[in-house]
Amino acid sequence: MLEKGQTLYERIGEENILKLVDDFYAELEQDELIRKMYPEDLLPAKNRLKLFFIQALGGRQTYTDERGHPMLRRRHFQWEIGTEEATHWLKHMHAALEKASFHEPEKDAFWEYVYGAAQHMVNK
């Protein structure tokens, strides 16, 4: 479970991160409010989120190698993101997290991270 010095990436495991993102996008695909913010083909966005989480949680730096610094707020500024949009995004992430098979302390730490990130994206 929790070992001192391990990254959240190591504690959750890459396969669990990949599945979490797949489950998140399965939920998001049905959302009338925020689905329109995404391209018709969700695969590129899904793959970017996988690489982002791998890096942000302490894994390899492929996201930065391929796309440069994450600059989350700047990359998302083209869309109007209010509290309602952030809440919808978090609802789908929470549903995916509920399906996840990793331990509760890691779920809590992951939730804390994505909750803060979602609040940071609000720009209206």
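A residue counts as partly exposed when its relative accessible area lies between the buried limit of under 20% and the exposed limit of over 50%. By that criterion Gly 58, with a relative accessible area of 39%, is partly exposed. The structure discussed here is a predicted model. This briefing covers helices α6 and α7, the packing of α2 and α3, and two individual residues, Glu 85 and Gly 58.

**Helix α6**

- Helix α6 comprises 17 residues, from 83 to 99, and its end C-alpha atoms lie 24 Å apart, in agreement with the 24 Å that it should span at 1.5 Å a residue.
- The buried residues of α6 are Glu 85, Ala 86, Trp 89, Leu 90, His 92, Met 93, Ala 96 and Leu 97.
- Because these buried residues cover an arc of only 160 degrees around the axis, they fall on the same side of α6.
- Thr 83 and Glu 98, on the other side of α6, are exposed.
- The partners against which the buried residues of α6 pack are α2 (14–28), α3 (43–56) and α7 (104–121).

**Glu 85 within α6**

- Glu 85 belongs to helix α6, and its relative accessibility of 10% means that Glu 85 counts as buried, since the limit for that class is under 20%.
- When neighbours within four places in sequence are set aside, Glu 85 is in contact with Leu 33, Ile 34, Met 37, Glu 80 and Lys 124.

**Packing of α2 with α6**

- The axes of α2 and α6 are 8 Å apart, and the two helices pack at an angle of about 135 degrees.
- This angle makes α2 oblique to α6, because it lies outside the ranges for roughly parallel (under 35 degrees), roughly antiparallel (over 145) and roughly perpendicular (65 to 115).
- The crossing of α2 and α6 is right-handed.
- On the α2 side, the contact is made by Leu 20, Asp 23, Phe 24, Glu 27 and Leu 28, while α6 contributes Trp 89, His 92, Met 93, Ala 95, Ala 96, Leu 97 and Lys 99.

**Packing of α2 with α3**

- The axes of α2 and α3 cross at roughly 140 degrees and come within 10 Å; this crossing is right-handed.
- From α2, the residues Glu 14, Ile 17, Leu 18, Val 21, Asp 22, Phe 24 and Tyr 25 meet Ala 45, Lys 46, Leu 49, Lys 50, Phe 53 and Ile 54 of α3.
- Phe 24 of α2 is thus among the residues that meet α3, and Phe 24 is also one of those in contact with α6.

**Helix α7 and its packing with α3**

- Helix α7 has 18 residues and extends 25 Å from its first C-alpha to its last, close to the 26 Å expected at 1.5 Å a residue.
- Glu 106, Lys 107, Phe 110, Val 114, Ala 117, Ala 118 and Met 121 are buried in α7.
- The arc that they cover around the axis is only 100 degrees, which places them on the same side of α7.
- α3 and α7 pack at an angle of about 115 degrees, with 12 Å between their axes, and their crossing is right-handed.
- Phe 110, Tyr 113 and Val 114 of α7 meet Phe 52, Phe 53 and Ala 56 of α3; Phe 110 and Val 114 are among the buried residues of α7.

**Gly 58 in the loop after α3**

- Gly 58 lies in the loop between α3 and α4 (62–67).
- Apart from neighbours within four places in sequence, the residues in contact with Gly 58 are Thr 7 and Tyr 9.
- Gly 58 and Arg 11 are 47 residues apart along the chain, and their C-alpha atoms are separated by 9.9 Å.

Conventions:
Residues are numbered from 1 along each chain as its sequence is written. This is a predicted model: local features need pLDDT of at least 70, side-chain atom pairs count only at pLDDT 80 or more; totals for chains, interfaces and linings use all residues. Side-chain values use heavy atoms; hydrogens and water are left out. Helices (H or I, at least four residues) and strands (E, at least two) are DSSP runs, numbered from the N terminus. The expected span of a helix is 1.5 Å times one less than its number of residues. Buried means under 20% relative accessible area, exposed over 50%, partly exposed in between (1.4 Å probe, protein chains only). The arc is that of the directions from the helix axis to the C-beta atoms. Contact means heavy atoms within 4.5 Å. Axes are lines fitted to C-alpha atoms, for helices over the stretch in contact, and angles run from 0 to 180 degrees between N-to-C directions. A crossing is left-handed if the near helix is turned anticlockwise from the far one by less than a right angle, and right-handed if clockwise.
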